[in-house]
Amino acid sequence: MERSFRFNRLLMVILSIISLTFSEKAMAQQKEQMVRLAKIQVEPSQLDKYNAALKEQMTTAVKLEPGVLTYYAVADKTNAAHITILEIYADTAAYQSHILTPHFKKYKETVQHMVTSLELVDVNLLALAKKPGM
């Protein structure tokens, strides 16, 4: 019985260390990430064209670039021409690489006369909660 107790105690210690190791790695990765909010105002008459160009750029970037981790684009419910994008990159180098890609340059050229205002806000990720597998 004593042997079983020691084994269970050792197992709990090992599991705790593994858990802490993975938590520390996850936090270190988050600290390296570049997180940005892009606040965009689009000419309302150009909204459909803008949204199509945005979706194409986002889809291509996530598919082709390992350093582009996440995009969430949302539109204000009271004014769909006010768009906010949450962008998460593996690090600053991934972002710098991203803005040099042909698909990003195409997006910028396509939307240059559609966008009436652009504000880029670099932020720190404080916490993350999501369902497993998402």
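Start with the whole protein chain in cartoon view: this predicted model has 4 helices and 4 strands. Follow the chain from the N terminus and the elements come in the order α-β-α-β-β-α-α-β. Switch on a surface next; the protein chain exposes about 10,000 Å², and carbon and sulfur atoms supply 59% of that area. Of the 134 residues, 25% count as buried. If you like contact maps, note that among contacts between residues at least 6 apart in sequence, 73% join residues at least 24 apart.

**Stop one: a helix pair**

Select residues 47–64, which form helix α2, and residues 102–111, which form helix α4. Their axes come within 9 Å and cross at roughly 170°. Since angles over 145 degrees count as roughly antiparallel, α2 is roughly antiparallel to α4. Now show side chains. On the α2 side, the contact is made by Tyr50, Ala53, Leu54, Glu56, Gln57, Thr60, Ala61 and Leu64. Facing them from α4 are His103, Phe104, Lys106, Tyr107, Thr110 and Val111. Colour these residues by type and you should find 8 nonpolar, 4 polar and 2 charged.

**Stop two: the core**

Keep Tyr50 and Tyr107 on screen and add Ile40, Ile83 and Ile85. Of the 21 residues in the largest nonpolar core, these five touch the most other members. Which elements each supply at least two residues of this core? They are β1 (34–42), α2, β2 (68–75), β3 (82–89), α3 (92–98) and α4. The largest share, 6 residues, comes from α2.

Centre the view on Ile40 next. Leaving aside neighbours within four places in sequence, which residues is Ile40 in contact with? Four of the residues just selected are on the list: Tyr50, Ile83, Ile85 and Tyr107. The others are Ala81, His82, Val115, Ser117 and Leu118.

**Stop three: Ala73**

Finally, move to Ala73, in strand β2. Is Ala73 buried or partly exposed? Its relative accessible area is 37%, so Ala73 is partly exposed. Draw a distance between the C-alpha atoms of Ala73 and Ile85: these residues are 12 apart along the chain, and the separation is 4.2 Å. Ile85 is also one of the contacts of Ala73 once neighbours within four places in sequence are set aside. Leu54, Met58 and Thr84 complete that set. Leave Leu54 highlighted and you are back at the first stop, where Leu54 of α2 takes part in the contact with α4.

Note on methods. Residues are numbered from 1 along each chain as its sequence is written. This is a predicted model: local features need pLDDT of at least 70, side-chain atom pairs count only at pLDDT 80 or more; totals for chains, interfaces and linings use all residues. Side-chain values use heavy atoms; hydrogens and water are left out. Axes are lines fitted to C-alpha atoms, for helices over the stretch in contact, and angles run from 0 to 180 degrees between N-to-C directions. Angles under 35 degrees count as roughly parallel, over 145 as roughly antiparallel, 65 to 115 as roughly perpendicular and the rest as oblique. Contact means heavy atoms within 4.5 Å. Ala, Val, Leu, Ile, Met, Phe, Trp, Tyr, Cys and Pro count as nonpolar, Asp, Glu, Lys and Arg as charged, and the others, Gly among them, as polar. A nonpolar core is a set of buried Ala, Val, Leu, Ile, Met, Phe, Trp, Tyr and Cys residues joined through side-chain atoms within 4.5 Å. Buried means under 20% relative accessible area, exposed over 50%, partly exposed in between (1.4 Å probe, protein chains only). Accessible areas come from the Shrake-Rupley method with a 1.4 Å probe; for residues, only the protein chains shown count as cover.
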